[in-house]
Each structure stands twice: as structure tokens, then as C-alpha cells.
Amino acid sequence: MSPWLTVVGIGEDGFKGLGRNARHALLRASRIVGSQRQLDLLPACIRGERELWPSPFSLEPLLARRLEPVCVLASGDPMFYGVGASLARQVAADELLILPAPSSVSLAAARLGWPLQDVVTLSVVARPLAALNAHLASGVRLLVLSNDGQSPAAIAALLHARGFGPSRVSVFEHLGGASERRLDGIAENWQDPPIAALNLMAIDCIAHPDTVRLSRLAGLADCAFKHDGQLTKRDVRAMTLARLAPTPGELLWDVGAGSGSIGIEWMRAHPSCRALAIEADEGRQQLIEHNRDALGVPGLQLIRGSAPQALEGLEAPDAIFIGGGVTRAGVLDTCWQHLRPGGRLVANAVTLQSEMTLMDWRTRHGGELTRIHVAQAQPLGEFDTWRQALPITLLEVTKPQ
């Protein structure tokens, strides 16, 4: 079957900037679907019926026209945060032809002289700005698709608040068109000039000398989290996450999440990692909400309630961490029941009662027990001595396939 649906990437230079195949597809199409701005770029010689995307947005009317020669217009590269990706999930590959134009990030990288393979590309189109926090580090270069004309000022304010005020920023409007414009500045001094709704922001990240460094590896400093004392401490957290072993696309349940540190660091391991933080205490729920945004993982989902009741109906996880409540009736059994085959369960215990619960669980289900002792040097008069933290017993068990 030859493709009935063609997705044409079109830039600010309009029809004249299209290649031969894209022009021919538009000339043959009986219907052309796009935004008003994109449709206005077409000349009168394009005879196909022009149709706006429905509001609210839906692909259903388009998909109902299967086998009719239809073109969809997309800005730049349809497969870069574009409608092409959505269509590719619903239309068979042999029914779909995608003809990309240069994306705005490609054009911006060319203007800046930045090798695109060395740049982090992000979008805040209908996405929370807080997601940028996970990528902020000195020397990192970001290209960010803005949501609207107010996005550059909001991003500059975020950079300043997070200690990256010295960062060099550039805003590009109408890339590739006759009205292309570039505005340069420093984040902390950004004046918020009028900016077109369609824009892209380039950020050359530079941190203040006293800005706390946030590694993507497990074991952030405890001061990176707001907490009420209910926090898996840095060294134990690093060991715990090493056993949970996050890999791309996996889902974690952080049961008795406290300040959310385990779920947050799980999600920081890879952009596609997901986590559910289950927490009953209202004060700690607020801490989780603060920490997830501050550390750049606003997608962490907070489940308000107590295990095991709050676990019912949740998506089955690939890994589970139980940081509190192992002695509560049904918690371990419910977690084990819902864990995917091959999934990892890690539980930490501090009290004798919770340790005995983990030892009994190991007798019945197997796994490994590890005792963790951490001591820190602290002053004692004119000298220093070791101050021993409470020992932690860690259970690690993998569910049979």
C-alpha cells in the first residue's frame, strides 16, 4: 500500500523552502491539515481543501479519512516534539510518509556554532519548567522549545533562582524566515522584552561559584532535599539505589517515601524512568512536591495514602523500595504480589522489629541481607572521634520470572 498520509515539515520560509517531494505531495493532496499559521504559508496554487486541527486537539477526524490523499503540515521536523511522532504511533509505517524540514534546534545550533550532538534539547511546550532543573550544570548547553512569549523570562528567572544567573542566553524568533531575530543576554539580567510566541531559547549554563553541584549519580547530599528528618541518608541512599538498579523506562514504587529522595534519584537516573511516591503524612507530601520540582523531576507521581491500602489499582512496578512500614500488616505481601516477575524489592530496617520482619521474609522468599554501618568524624573536645549512625539492615530480593 502506498502512503495515503504525508506529513510535511514546513519552515518559516514557507512553500519556497520545501523540497520537490513535499511540493508534489501538497499539490496532489485533496485535504491539507494544519494550524492557521502553517496553512497561511501555502500559495494559492495548492488546491486541496484546507482544514484546521480541531479544538480540543484530536487525531480522530484525520484518521477517519484513511486512504484519502491527505497532507499534514508540521513545523520543522515533525518527529521532533511534533505531530509526526503521534501519527507514527497510530498509522502503519507503509501508510505514512514523513518529509522533514530543518528543525528549529538544527537552525539554532547552526546560528550558534554549537555541535548538535553535544547539546541537550528540551521542550517546555505544555510541560512544567521545573523539568529543566535536572539538566542544570556548568558547561551544559541547552536548546529549549518555548511554550509561548513569556517562557524566556520564566526560564531566566528559574536559572537565577537555581544559582545559574551568570548563564548566557539567546532567544531566537521565526528561525529560517524573513523575520528571524536573535536576542542575547545574561539570565540574571534578562529584561523581558516582547518576544514572539514561537521562539526557542539557547542556554550556555554557568553556575555561581557557591551553587551546590547536583550529580546525576545516586547519592545527592542530604542538604539537596528539604526534610523533617525522615530521609534515607546519602550513603545508604546510594547503596539502596545501586541495588534497585534503575534502567530506562522502568517504574518504581517508593513506599513510605518520606521526603521522596529515593524516587527522585531513581527518576534522575534517566529521563524515561518513572516513580510513584506513596506517603500518608501531609507534611511529608508537601516536602515531596517541593523536592521533585527543585531536583527536576516534576513527573514523579505522589500517591496520598498508607500502604497497603494505597497500593491497590496502581500500575505494576519493576522495582519497589520500602523505606518505612515493613512491620505494618500486609505491606510486604502486597508489594511482592504486585511486583512484576524479575522485579527487584529492596527494604531497609532500623528497628529490631523491622529487622526481624526482613529476616523472616528472607527465610520464606530468599534474597540477600546486608548490614550497613556508617560513621562520621565529629569533634570531641580538642580532638575528633567517630560518631556511629544507627545501623541499617537492607533486604534485596528479586522476584522469580
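## Trp53 and the aromatic pairs

Does Trp53 count as buried or exposed? In this predicted model, Trp53 has a relative accessibility of 18%, so it counts as buried, the cut-off being under 20%. Trp53 also takes part in ring pairing: its ring centre is 4.9 Å from that of Phe57, and the planes meet at 55°, which makes the pair tilted. In total, the structure holds three aromatic pairs.

Another of these pairs is Phe80 with Tyr81, where the centres are 4.9 Å apart and the planes stand at 80°, so this one is edge-to-face. Tyr81 has a relative accessibility of 42% and therefore counts as partly exposed. Elsewhere, a charge meets a ring: the charged end of Lys399 sits over Trp336, 5.9 Å from the ring centre.

## Overall picture

The protein chain runs to 401 residues, and 46% of them are buried. Its secondary structure comes to eleven helices and 19 strands. Along the principal axes, the C-alpha atoms fill a box of roughly 85 × 55 × 35 Å.

If you take the contacts between residues at least 6 apart in sequence, 64% of them join residues at least 24 apart.

## Val72 and what surrounds it

Val72 belongs to strand 4, which covers residues 70-75. With 0% relative accessibility, Val72 is buried. Setting aside neighbours within four places in sequence, its contacts are Leu5, Thr6, Val7, Val8, Val33, Trp53, Leu62, Val83 and Leu87. That list includes Trp53, the partner of Phe57 in the tilted pair.

Gly34 makes a nice sequence-versus-space example: 38 residues separate it from Val72, yet the two C-alpha atoms are 5.9 Å apart. Now look at Glu60 and Asp77, which are 17 residues apart along the chain and have their C-alpha atoms separated by 22 Å. Glu60 sits in helix 3, residues 60-63, and it counts as exposed because its relative accessibility is 52%.

## The largest pocket

How many residues line the largest pocket, and which lie nearest its centre? There are 44 in the lining, with Arg37, Gln38, Ser75, Tyr81 and Leu198 nearest the centre. The pocket's volume is about 1,200 Å³. Tyr81 is the partly exposed residue from the edge-to-face pair.

Several elements each supply at least two residues to this lining: helix 2 (36-39), strand 4, helix 4 (83-88), helix 5 (104-112), strand 8 (168-173) and strand 10 (199-204). Strand 4 is also the home of Val72. Sorted by class, the lining has 21 nonpolar, 17 polar and six charged residues.

## The second largest pocket

The second largest pocket holds about 790 Å³ of space. Its lining has 36 residues, and those closest to the centre are Leu231, Thr232, Lys233, Val350 and Ile392. By class, you get 13 nonpolar, 17 polar and six charged residues here.

Helix 7 (234-244), helix 8 (261-268), strand 15 (344-349) and strand 17 (375-380) each give at least two residues to the lining. Helix 7 has the largest share, with three residues.

## Helix 8, under cover

Helix 8, one of those lining contributors, is mostly covered: eight of its eight residues are buried. The residues in question are Ser261, Ile262, Gly263, Ile264, Glu265, Trp266, Met267 and Arg268, so the buried set takes in charged residues such as Glu265 and Arg268.

What covers helix 8? The cover over its buried residues includes helix 7, strand 11 (251-255), strand 12 (274-279), helix 9 (282-294), strand 14 (319-322) and strand 15.

## Backbone oddities

Most residues other than glycine have a negative phi, and most peptide bonds are trans. Some spots here go the other way. Ser55 and Pro56 are joined by a cis peptide bond with omega about 0°, and Pro56 lies in the loop between strand 3 (49-52) and helix 3. Ala307 and Pro308 also share a cis bond, with omega about 10°; Pro308 is in the loop between strand 13 (301-304) and strand 14.

As for phi, Asp192 has a positive value of about 60° without being a glycine. Asp192 is in the loop between strand 9 (181-186) and strand 10, and at 47% relative accessibility it counts as partly exposed. Ala245 has a positive phi too, near 55°. Ala245 is in the loop between helix 7 and strand 11 and is partly exposed, with a relative accessible area of 32%.

Methods
Residues numbered from 1 in each chain as written. Predicted model: local features only at pLDDT ≥ 70, side-chain atom pairs only at ≥ 80, totals over all residues. Heavy atoms only, no water. Helix = DSSP H or I, 4+ residues; strand = E, 2+ residues; numbered from the N terminus. Buried < 20%, exposed > 50% of the residue type's maximum accessible area, 1.4 Å probe, protein only. Contact = heavy atoms within 4.5 Å. Phe/Tyr/Trp six-rings, centres within 6.5 Å; stacked < 30°, edge-to-face > 60°. Lys NZ or Arg CZ within 6 Å of the ring centre and 35° of its normal. 1 Å grid on protein atoms, 1.4 Å probe; cavity = no way out; pocket = protein on both sides within 12 Å on 5 of 7 lines; lining within 4 Å. Points joined across faces, edges and corners; volume = space filled by probe spheres on them.
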